[in-house]
Amino acid sequence: MNRQEEHSIYGVMARFDTPTDVVRAARDANAAGYRQVNAYSPFPIEELSEAIGFHRDHVSKTVLLGGLLGAAGGFALQYFTSVIDYPINVGGRPLLSLPSFVPIIFESGILLAAFGAVLGMILMNGLPRPYHPVFNVPSFKRASRDAFFICIKASDPKFDPARTRDFLAGLGAKEVTDVEA
Amino acid sequence: MADTIENKGYVDPRPPVIGSGHTFESLTAKIADVVFMRRFQKGWIFGFGIAFLLALALFNTIAYLVLKGVGIWGNSVPVGWAFDIINFVWWIGIGHAGTLISAILLLLRQSWRNSINRFAEAMTLFAVACAGLFPALHTGRPWVDYWLFPYPNTMGMWPNFRSPLMWDVFAVSTYATVSALFWFIGLIPDFGTMRDTAKHPWQRAIFGILSMGWRGDARHWHRYESAYLLLAGLSTPLVLSVHSIVSFDFAVGIIPGWHATIFPPYFVAGAVYAGFAMVLTIGLPVRKFYHLEDFITLRHIRNMCKVMLATGLIVGYGYLMELFFAWYSGNTYEQFMMKNRMFGPYGYMYWLLILCNILVPQLLWIKKYRDNLLVVFVVSMFINVGMWLERFVIIVMSLHRDFLPSSWRMYTPTVFDFSMFFGTIGFFLTLMFLFLRFVPIIPIFEMKVMLPQAKVRSDDKSQAAEGDKGTLGGAVPQFGD
């Protein structure tokens, strides 16, 4: 049976006021065995993503893929047009004039690599996603201003509404709220 | 580097990167309020009005140009390229500072770029937009500009990929696209902040769509920082390559004054020079009128002056080398080209160039003048003019007298050359004014990262990890910069 269906809430959220507090809370939650933990902050905090157990991201792979595709595409375009389809003999110079192909290969590589970075990041983040349960918490507006949040999801195996709420309160949270799904 | 300065009781004599006394909330309020205030300020309306009038002059000129043809300009054989290409290179050069500030300073972990990078990058985008108008419209038949792009066509033809003009098409398009992406990505978290701060539903809707549902999830931030850093890493060689490719428009040609291998580094340095001058030209008034002295401090201004001084010296070295090449080559045509530049009919432009680009900026060696905002502003205006003159000297003076004396002609710009140029300045300023009004000028989240209360104080063993690793995207300020 789906644990989230058992509880009609998405999770329990706790608010903190400083980066130090939220990182410590995240580490404590991780130490207590919670794995489905989300953390929210108005600016990037490296220690925070590590504390909830997130280490590797794959954006660099999409960038590399984009770059290689772009460069290959740029080369293929110029090769096909200048060597096969529309060759122009200028003083017997080689049709596969690689040095003159380099600028465009380079630029198209960079272009697709940039798309790889942007699209990779946005899609891997699951964006665009206008609705998310956490927006149901009124004080979550401050997540983009000056507050820091930890949310333990109901789908976590160790989740129990009452116990998890108490646990979060015990970590020194300024406010503990249920998040409606 | 990261942690020892506070501990040793060392007091950094330099002005701070961010004014003291701010909290997360006060920072957000100060920057977001500019966007959310109800009325338009009189100063903004006045500036926008003038800019828009000039932009209208631009649109009129463009209409007349497309209707009547390139003959309305002063371009004529042998000076086939004049104001059109001068302006193109000038604008693209200006754009490069934005990318340098956004990308290169990020990679060099200079946290002072955090406050100025957004409006510098906006400046890049608008400058590239203005630049792009010129190649598009200076073609004889602008309505077939799409022939520049490689598409399968009924003529059975393909563009000539071996030409720098084609390389330009790819380079400038890529540059515009990547800059736009970089700028927009930087804005996503701030759009989230604006969405959460907005009072009216329609404001929330617009910022909501633009922010794509950003919620500040730590995992998302991690990927975000990766993408941002990678984009910066991509933009750096991009900026270097784009202006090198633009310089190839000339360097690959054969006339004296154009055919020089020094052009790529010389142009790139010149672009950074011109760009920083424009950042200061725009940034100093913006700082004053929007009361951003806490975020754009004297440290920023001093650093930018130093960058300008350094790149100005590189440009000066370029001029010196051109003189040297002309002499050392023993080539009659090169030597004549140099003599013509200095003592020919346009000689006054060359000396004006030396004054504006080499002599006046040397004032920046003096610390008192680096701290004097009026002096810095005036010097940056001189550099803006000087860089325009440099392109004039390179393009027009090399073209009007090349190998064959019977082909020599003088060049005279027409009123439409001027109206188009000043029109693009108006267009640029119009876009800047719109940006200042509707978008947070300073990256809110990047500024928060620099506040002392943003540091994670670890009391235990994780302190060791904090110093070296936490610099992704300038996220943790490096006090040693």
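## Exercises on a two-chain model

Pro78(B) sits in a loop of chain B, the one between helix H3 (42-68) and helix H4 (83-107). The model you're looking at is predicted, so keep that in mind as you work through these.

**Exercise 1. Find the cis peptide bond that leads into Pro78(B), and then find one in chain A.**

Step 1: Go to Pro78(B) and look at the bond coming from Val77(B); this bond is cis, and its omega is near 0°.

Step 2: Now switch to chain A, where Leu127(A) and Pro128(A) are joined by a cis peptide bond with an omega of about -10°.

Step 3: Place Pro128(A) in its chain: the loop holding Pro128(A) runs between helix H5 (98-124) and strand S3 (148-153) of chain A.

**Exercise 2. Work out whether Met212(B) is buried or exposed, and describe its backbone.**

Step 1: Locate Met212(B) in the loop between helix H7 (201-211) and helix H8 (218-251) of chain B.

Step 2: Check phi. For Met212(B) phi is near 60°, which is positive even though the residue isn't a glycine.

Step 3: Compare the relative accessible area with the cut-off: buried means under 20%. Met212(B) has 14%, so Met212(B) counts as buried.

Step 4: For another case of positive phi, try His291(B), a non-glycine residue with a phi of about 55°. You'll find His291(B) in the loop between helix H9 (263-289) and helix H10 (298-329) of chain B.

**Exercise 3. Describe the fold and the overall form of chain A.**

Step 1: Count the elements: chain A has six helices and four strands. Reading from the N terminus, you get α-β-α-β-α-α-α-β-α-β.

Step 2: Look at the radius of gyration. Chain A comes out at 25 Å, while a compact globule of 181 residues would be near 16 Å.

Step 3: Check that against the box around the C-alpha atoms, which is roughly 85 × 35 × 30 Å along the principal axes.

Step 4: Finish with burial and contacts. Buried residues are 50% of the 181 in chain A. Of the contacts with a separation of 6 or more, 80% link residues 24 or more positions apart.

**Exercise 4. How many residues does each chain bring to the contact, and which residues of chain A lose the most area?**

Step 1: Chain A brings 67 residues and chain B brings 65.

Step 2: The area buried between the two chains is about 5900 Å², with 65% of it from carbon and sulfur atoms.

Step 3: On the chain A side, Pro44(A), Glu107(A) and Arg145(A) lose the most area to chain B, together 13% of what that side buries.

Notes: Residues numbered from 1 in each chain as written. Chains lettered and ligands numbered in written order. Predicted model: local features only at pLDDT ≥ 70, side-chain atom pairs only at ≥ 80, totals over all residues. Heavy atoms only, no water. Helix = DSSP H or I, 4+ residues; strand = E, 2+ residues; numbered from the N terminus. Rg over C-alpha atoms; globule rule 2.2 N^0.38 Å. Buried < 20%, exposed > 50% of the residue type's maximum accessible area, 1.4 Å probe, protein only. Contact = heavy atoms within 4.5 Å. Buried area = accessible area lost by both parts, 1.4 Å probe.
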